[in-house]
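Hi,

As promised, here is the structure for you to look at. Please open it next to this email, as my notes are meant to be read with it on screen.

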Amino acid sequence: MTANVILKEVQAFLDQPSQLFIGGQWQDAKSKQTFMIENPATEQSLAVVAKGNADDVDLAVEAAQQAFKSWRYEAPVVRAKLLNKLADLIEQKAEELAQIITLENGKPLLYSRRECLGAINLLRYFAGFATKIEGRTVPVSTAPTANFLNYTLRDPVGVCALIVPWNFPLTMCVGKLAPAMAVGCTTILKPADQTPLIAIRLMQLFEEAGFPKGVVNLVTGSGRDVGEPLSSHMKVNKVTFTGSTDVGKSIAQQATSNMKRVTLELGGKSPNIILPDADIDKAVAGAASAIFYNQGQVCTAGSRLYVHESILDEVLEKLKIAAQSMTITNGLDESSTMGPLVSKRQYETVMRYIERAQEDGAELIVGGQRPEGLEKGYYVQPTIFLDKDEKTCIAKEEIFGPVLTVMPWTDIDDLVERANNSVYGLAAGIWTKDLANAHTIAARLEAGSVWINCYNVVDPVSPFGGYKQSGWGREMSHDVIEAYTETKNVCVNLV
Ligand code: NAP
Ligand code: MG
């Protein structure tokens with residue numbers, strides 16, 4: 001195995017204590033406190049980061065408010081140019097950024113590089129929107145004899161708090177920042193306390209690209225110290241959050257302080273369905289990647305696999321081989337296809353689910369342990385359980401780890417009911433050669449994204465978000481532009 005050497009730029013970045021970025025200035029937290037970031041592959045400390053709190057949040061909101069006064073009127077083409085410049089910088093520094101992502105999150109470099117590409121695509125896509133935020137002109141019939149000019153404008157919503165998790169630490173930030181910037185909002189970003197480093201590096205690139213001061217601000221620190229003051233702040237106009245459903249609910253409540261706009265992208269327990277006529281090899285490869293990609297720490301993870309009874313044995317046998325063929329090692333090794341989980345806490349949560357699954361009577365097909373030979377790091381083997389009666393906790397609860405629950409089915413109506421029988425409704429997969437059948441099932445599933453003969457195809461052009469307790473609103477695509485703007489109707493009497 002060839003472990004990549006840490007680039008000298010990355011080492012220099014890690015060695016420098018990281019500060020908050022507020023109003024274009026790098027500064028310590030008001031409290032002067034800091035916290036340590038850990039490498040989940042080695043359990044060693046990686047870097048020291050400023051620990052912000054409500055005082056720093058106040059400063060950042062003030063800076064964002066000031067910047068909003070001019071940024072909202074900046075020529076759209078200038079906003080587009082800056083976003084494209086940032087995309088170019090990420091492209092130039094992709095290898096450096098990918099290493100930072102792998103070091104703090106643990107994921108294989110292969111996927112950290114993909115995150116960089118995702119961030120570039122998001123920026124270029126939303127840069128295009130800056131010049132295309134349009135209103136409508138609509139005739140009125142209220143007073144037929146009058147001569148009215150009646151039209152709509154789309155105004156940027158204002159100061160936005162962006163609270164992101166650790167599972168895609170770069171694309172989560174960019175996916176929220178890019179549309180907010182494109183429409184003329186200003187922002188305060190709060191990354192997860194496990195993965196703030198890539199967000200800090202991203203702020204340096206914002207600075208290098210030439211964004212005006214205060215348009216983007218960064219306050220690192222915990223959910224309690226930074227996330228809560230942001231969500232309840234009276235001068236924040238919108239909060240957009242990705243993370244757990246429990247925290248999402250508390251953010252929605254805090255946001256009522258001033259009725260700020262809220263977008264929530266929360267958990268999932270997504271059904272992935274294999275029909276008897278599917279190409280079994282493709283379906284198995286897709287099902288394995290749907291759950292094992294990113295160590296299973298994906299909100300859309302295909303964690304409930306429904307397999308038609310007639311092909312159950314073959315699918316289980318092939319899935320087992322797929323799980324055993326993964327290369328589990330430090331994400332910095334080029335050969336790695338699975339790295340450690342993000343933290344000790346996440347590792348313990350997942351291991352506890354594996355124990356509970358066995359207590360509940362699920363049949364372990366493969367995995368279930370720490371991989372041999374890896375003494376340090378939060379590694380968990382790709383794990384598959386069979387749960388014939390769909391009775392175990394792992395058939396219902398989001399695990400956020402590489403643990404798949406396989407369940408057989410026979411009747412299509414019963415299957416659709418079971419697939420929809422979840423508090424979540426984020427995503428679903430269908431594997432079949434019969435596309436008429438696939439479209440019919442897709443129409444009946446309660447899920448924000450349905451993938452047919454593919455999985456996890458997330459693209460800036462496709463609206464992304466959940467039904468039920470998987471969230472409020474949609475991100476990406478045209479839909480998110482609406483979420484960062486207010487509609488104003490202007491009616492003019494021309495006589
Ligand atoms: P989390 O607690 O929901 O954290 C997500 C973000 O929200 C982090 O930046 C977090 O800050 C912040 N936060 C936490 N409490 C907050 C509060 N009261 N007000 C405002 N912001 C707050 O997720 P987690 O603890 O990292 O992971 C726990 C579980 O959440 C996972 O096992 C998984 O099930 C789920 N999850 C889902 C997604 C997804 O993509 N939908 C992503 C990550 C996790 P700090 O972490 O810095 O304290
Ligand atoms: Mg956390």
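Below is what I found in it, starting with the ligand and then going through some individual residues.

Before anything else, please keep in mind that this is a predicted model.

**The ligand**

What surrounds ligand 1? Its shell has 30 residues, and the closest of them are W166, D193, G223, S244 and E398. If you sort that shell by class, you get 12 nonpolar, 12 polar and six charged residues.

Three polar contacts are worth clicking on. A backbone N or O atom of G223 sits 2.8 Å from an oxygen atom of ligand 1. V164 also uses a backbone N or O atom, in this case 2.9 Å from an oxygen of the ligand. With E228 the side chain is involved: one of its N or O atoms is 3.3 Å from a nitrogen atom of ligand 1. On its own the ligand would expose 860 Å², and the protein buries 89% of that.

Which elements give two or more residues to the shell? They are α8 (223-232), β9 (238-242), α9 (245-255) and α12 (344-359). Helix α8 has the largest share, with four residues.

And where does ligand 1 lie relative to the domains? Domain 1 (2-266 + 471-490) and domain 2 (271-460) both contribute residues to its shell, so ligand 1 lies between the two.

**Cysteines**

The disulfide count is zero. Take C173: this cysteine is in no disulfide, and the nearest cysteine sulfur, which belongs to C116, is 12 Å away. C173 counts as buried because its relative accessible area is 1%, where buried means under 20%. C491 has a relative accessibility of 46%, so this cysteine counts as partly exposed.

**Two residues with positive phi**

As background, most residues other than glycine have a negative phi. Here are two that go the other way. Q295 has a positive phi, near 60 degrees. You will find Q295 in the loop between α10 (280-292) and β12 (304-308), and its relative accessible area of 1% makes it buried.

The other one is N453, with a positive phi near 55 degrees. N453 is in the loop between β18 (449-452) and β19 (467-468). Is N453 buried, exposed or partly exposed? Its relative accessibility is 36%, so N453 counts as partly exposed.

**Buried side chains with polar partners**

S336 is in the loop between α11 (312-324) and α12. At 1% relative accessibility S336 is buried, and its side chain has polar atoms of the backbone to meet. The side chain of S336 reaches the backbone oxygen of T329 at 3.0 Å, and a polar atom of that side chain lies 3.4 Å from the backbone oxygen of M338.

H308 belongs to strand β12. This histidine counts as buried, at 14% relative accessibility. Which side chain does the side chain of H308 contact? The partner is the side chain of S310, in a polar contact of 2.7 Å.

**Two exposed lysines**

K8 is in helix α1 (residues 8-15). With a relative accessibility of 67%, K8 counts as exposed, the cut-off being over 50%. The C-alpha atoms of K8 and E96 are 9.1 Å apart, while 88 residues separate the pair along the chain.

K32 sits in the loop between β2 (25-27) and β3 (34-39). K32 is exposed too, with a relative accessible area of 61%. If you want a distance to try out in the viewer, K32 and P382 are 350 residues apart along the chain, and their C-alpha atoms are separated by 41 Å.

If you only have a few minutes, I'd go to the ligand: find G223 and V164 with their backbone contacts to its oxygen atoms, then look at the side chain of E228 by the ligand nitrogen. After that, zoom out to see domain 1 and domain 2 with ligand 1 between them.

Cheers

Definitions and conventions:
Residues numbered from 1 in each chain as written. Chains lettered and ligands numbered in written order. Predicted model: local features only at pLDDT ≥ 70, side-chain atom pairs only at ≥ 80, totals over all residues. Heavy atoms only, no water. Near = heavy atom within 4 Å. Polar contact = N/O pair within 3.5 Å; in protein donor to acceptor, adjacent residues only side chain to side chain. Areas by Shrake-Rupley, 256 points an atom, 1.4 Å probe, with all protein chains shown as cover. Nonpolar A, V, L, I, M, F, W, Y, C, P; charged D, E, K, R; others polar. Domains from an automatic or database assignment. Disulfide = S-S within 2.5 Å. Buried < 20%, exposed > 50% of the residue type's maximum accessible area, 1.4 Å probe, protein only.
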